[in-house]
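I opened a fresh page for this chain. My plan is to go from overall fold to sheet, core, ligand shell and odd residues.

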Amino acid sequence: MALNLEEIKKYLYPEEFNSYLSLMKIFENNKYSKSNITLFYPGCGADVVNPLLFLDILLDWKNTRAITLIYADTSSIAPMFIGETVDKITGVKNVVKFISEDEAHISFTINNCRITLVYILADVLQKLPQILDKGFDIYFERAFEIFRADEAMFIRYVLEHVNKNGLLISDCGFCRQDMLKKYGFVDFGPKKLPSELGLYNTLKIYKKEKD
Ligand SMILES: C[S@@+](CC[C@H](N)C(=O)[O-])C[C@H]1O[C@@H](n2cnc3c(N)ncnc32)[C@H](O)[C@@H]1O
């Protein structure tokens, strides 16, 4: 995707930035390929940057035509930051924005890929946004484990709704190994990954091999 590295450096600690560069190398020849991708990021807070870093590293951009990013949080802080941050780290002009106090829709095009970011104000542990019911390709979480760790329904929903061949990216390993196995998740890339790009230092990326 070619994000603006100088701008990204401003959002990350040096060890996080180094982790990002190491991951880039690790996944140089191991990409996730799909033309139309939906990513779900619950508990996003004001963090716009991290999912984009992972997409930058993991996607086969030649084959990606459209990405829908569904960000959700109980706090309405994100819409205030989303537009400006996206402009800066992508370096893309002509971003189309609709931003209100508790909602944001942002669209921009990079390398012929249309990216739409939808921010939803929602308590995802009470009720998941309906838009997710038909499944999503990438689940992304960061510093969210403490809120959803005892929420068995939420965990099961995520494991069930990641589409076949989709990815689960978590800074805490997400859940028990037997659960992951039951739903067909296997390591994507090496078992041990550079871990600083997250709060819990146990970054894992899984791929779902069966429905
Ligand atoms: C520790 S912060 C992490 C924010 C962001 N992921 C990051 O890495 O900077 C946890 C976020 O989860 C959100 N959150 C907590 N419970 C939630 C829930 N039930 N539904 C949606 N968001 C929730 C909080 O509002 C907060 O923004």
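**Entry 1: contacts and overall form**

Among contacts between residues at least 6 apart in sequence, what percentage join residues at least 24 apart? I looked this up at the start, and the value is 73%. I note that the model is a predicted one.

Next I checked the overall dimensions. The C-alpha trace spans about 45 × 40 × 30 Å along its principal axes. Does the radius of gyration agree or disagree with that of a compact globule? It agrees, because 211 residues in a compact globule would give a value near 17 Å, and the chain has 16 Å. I then asked for burial, and 36% of the 211 residues count as buried. For secondary structure I get 7 helices and 9 strands.

**Entry 2: following the sheet**

I started at strand 2, residues 66–73, and worked along the pairings. Strand 2 is mostly covered, with 6 of its 8 residues buried. Its parallel partner is strand 1, and 7 bridges join the two. One pair I picked out is T38 opposite T68 in strand 2.

Strand 1 covers residues 36–42 and also pairs with strand 6, again in the parallel sense, over 2 bridges. Here L39 stands opposite I138 in strand 6.

How many of the 6 residues of strand 6 are buried? The count is 6 of 6 for this stretch, residues 136–141. Strand 6 goes on to pair with strand 7, residues 162–170, in the parallel sense over 5 bridges. I looked up two of the facing pairs. F136 stands opposite V162 in strand 7, and F140 has I169 as its bridge partner there.

In which sense do strand 7 and strand 9 run? They run antiparallel, joined by 4 bridges. I169 turns up again here, standing opposite I205 in strand 9. So that I remember it when reading the side chains: in a regular strand they alternate between the two faces of the sheet.

**Entry 3: helix 3 and the core**

Why is helix 3 largely enclosed by the rest of the structure? The reason is that 9 of its 10 residues, in the run 49–58, are buried. I listed them: N50, P51, L52, L53, F54, L55, D56, I57 and L58. The list holds D56 and N50 as well as the leucines.

Then I pulled up the largest nonpolar core. It has 54 residues, and L39, L117, Y139 and L167 touch the most other members. Helix 3 gives the largest share of this core, with 6 residues. L39 is the residue I had already met opposite I138.

I opened L117 for its contacts. Leaving out residues up to four places away in sequence, L117 touches L69, Y71, I82, V86, A104 and I106.

**Entry 4: around the ligand**

Which residues come nearest to the ligand? Of the 16 around it, they are G43, G45, D47, R142 and A143. I sorted the shell by type and got 8 nonpolar, 4 polar and 4 charged residues.

**Entry 5: odd residues**

Two backbone angles caught my eye. N165 has a positive phi of about 75° although it is not a glycine. N165 lies in strand 7. Its burial class follows from its neighbours: N165 counts as partly exposed because 16 C-beta neighbours lie inside 10 Å.

N201 also has a positive phi, near 60°, and is a residue other than glycine. N201 sits in the loop between strand 8 (185–187) and strand 9 (204–208). Is N201 buried or exposed? It is exposed, with 12 other C-beta atoms within 10 Å, and 12 or fewer is the cut-off for that class.

Last, I looked at Q126. Q126 is in the loop between strand 5 (113–121) and strand 6. With 9 C-beta neighbours inside 10 Å, Q126 counts as exposed. How far apart in space are Q126 and D137? I get 22 Å, C-alpha to C-alpha, for 11 residues of sequence separation.

Notes: Residues numbered from 1 in each chain as written. Predicted model: local features only at pLDDT ≥ 70, side-chain atom pairs only at ≥ 80, totals over all residues. Near = placed C-beta within 6 Å. Nonpolar A, V, L, I, M, F, W, Y, C, P; charged D, E, K, R; others polar. Buried ≥ 20, exposed ≤ 12 C-beta atoms within 10 Å, placed from the backbone. Pairing = 2+ DSSP bridges. Core = buried A, V, L, I, M, F, W, Y, C linked by C-beta atoms within 7 Å. Contact = placed C-beta atoms within 7 Å. Rg over C-alpha atoms; globule rule 2.2 N^0.38 Å.
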